[in-house]
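Trainee: I would like a close look at a single part of this model. Please start with the surface, then go to the charged pairs.

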Amino acid sequence: IKHQAQSKRLQLFELILAQKQLSDEHAAETIYHRIPASSFSQLKRRLKDDILTVLMICPIEKAYQSENIKAEFKARKMLMQGKILLSRGVYDEAVEILNKASQLTDKYELASMSVEIQDLLRTHIGVKKGLDQYQAYHQSLHRNLEVQQREIEAKDFNHEIMIPSLHSADHSTQNPAADDRLNTLRHDFETSGSARIGFWYYMSAIKMQINHRRYEAAYRYGLQLASLIDHEPAIHTVPNRAGIHMELAKILIHLGQFDEAIEMAGEARKLFLSG
């Protein structure tokens with residue numbers, strides 16, 4: 001029975017590969033010789049589970065293009081390995097792996113994962129190594145918690161600007177309070193040095209300037225964000241690079257610089273992936 005179920009999953013997988021526009025009716029008729037029923041729904045679910053499992057064991061360099069996404073996946077895998085080793089009492093190897101994961105989370109500003117790693121090290125290792133080591137883990141944990149909170153607030157502000165219909169008039173970019181919040185966000189970026197906070201600061205600043213029809217200022221902010229994306233590993237991704245090129249192209253249209261806008265949009269088009 002188990003072999004038959006595996007065979008049917010393989011049969012469905014081959015059908016999907018062979019026919020891009022495969023309907024449930026055609027697949028169920030081919031495999032079960034009847035209209036779709038609960039058995040066919042279960043077969044689809046099991047095949048999806050198989051595909052997701054394979055994706056998890058796929059080599060990182062094949063699964064992702066952006067270095068920071070590769071780093072996040074690798075750090076998360078090392079975090080799980082460290083947890084397993086700690087649960088089995090293999091402390092030295094666990095610490096070695098978790099410290100490597102911590103280096104990745106610091107480089108790519110993966111604050112939430114860094115908090116979890118530092119908490120593990122603090123609990124399992126810091127207590128044994130003495131107060132100084134415990135305090136080092138403790139301070140790192142709380143520093144990342146603070147950066148994570150500031151990043152969440154930066155995202156919230158950007159979303160309020162992007163989706164004004166979901167918020168009260170007090171959150172409008174025409175309201176003086178919005179300028180105060182943007183200044184607070186700039187201060188958070190400058191004091192934390194976080195590229196992720198900087199990303200949301202510039203995104204919000206660009207949108208606010210566009211809403212006020214201050215297109216030259218918006219363009220300057222856009223260039224600053226493009227430079228940040230190019231030089232900071234934490235936000236250096238193809239979608240981010242493509243997105244800022246497209247944003248700059250739209251601003252250039254408002255400035256009446258149409259040739260430059262077309263050139264910038266062309267750069268964005270090269271970067272955007274199909275689909």
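Trainee: About how many Å² does the chain expose, and what percentage of it do carbon and sulfur atoms supply?

Mentor: The model is predicted: local features need pLDDT of at least 70, side-chain atom pairs count only at pLDDT 80 or more, and totals for chains, interfaces and linings use all residues. Residues are numbered from 1 along each chain as its sequence is written, and side-chain values use heavy atoms, with hydrogens and water left out.

The chain exposes about 17000 Å². Carbon and sulfur atoms supply 53% of that area. Accessible areas come from the Shrake-Rupley method with a 1.4 Å probe, and for residues only the protein chains shown count as cover. Of the 275 residues, 35% count as buried. Buried means under 20% relative accessible area, exposed over 50%, and partly exposed in between, with a 1.4 Å probe and protein chains only.

Now the framework. The chain has 13 helices and 0 strands. Helices here are DSSP runs of H or I with at least four residues, strands are E runs with at least two, and both are numbered from the N terminus. Contacts (heavy atoms within 4.5 Å) come next. Among those with a separation of 6 or more, 52% join residues 24 or more positions apart.

On to the charged pairs. A salt bridge needs a side-chain nitrogen of Lys or Arg within 4 Å of a carboxyl oxygen of Asp or Glu. By that rule there are 16.

Take Asp50 and Arg9. Their side chains meet in a salt bridge at 2.6 Å, N to O. Asp50 sits in helix α3 (residues 38-57) and Arg9 in helix α1 (residues 2-18), so distant parts of the chain, 41 residues apart, are linked. Asp50 is partly exposed at 32% relative accessibility. Arg9 is buried, at 15%.

Next, Glu160 and Arg181. This salt bridge also has an N to O distance of 2.6 Å. Glu160 belongs to helix α8 and Arg181 to helix α9, so the pair ties together parts 21 residues apart in sequence. Glu160 is buried, with 11% relative accessible area. Arg181 is partly exposed, with 32%.

Then Asp230 and Arg241. Their closest N and O atoms are 3.7 Å apart. The pair links helix α11, which holds Asp230, to helix α12, which holds Arg241, across 11 residues. Asp230 is partly exposed at 42%. Arg241 is partly exposed as well, at 26%. Elsewhere, Glu146, Arg150 and Asp188 form one network through salt bridges that share partners.

Set the nonpolar side beside this. A nonpolar core is a set of buried Ala, Val, Leu, Ile, Met, Phe, Trp, Tyr and Cys residues joined through side-chain atoms within 4.5 Å. The largest has 33 residues. Phe157, Tyr201, Tyr202, Ile206, Leu225 and Ile244 touch the most other members. Elements giving two or more residues to this core include α8 (131-162), α9 (176-192), α11 (215-231) and α12 (238-254). The helix α10 gives the most, with 10 residues. Tyr202 touches Phe189, Tyr221, Gln224, Leu225 and Leu228, leaving aside residues up to four places away in sequence. Another core lies apart from the largest one. It has 18 residues, among them Ala71, Leu86, Val95 and Ile117.
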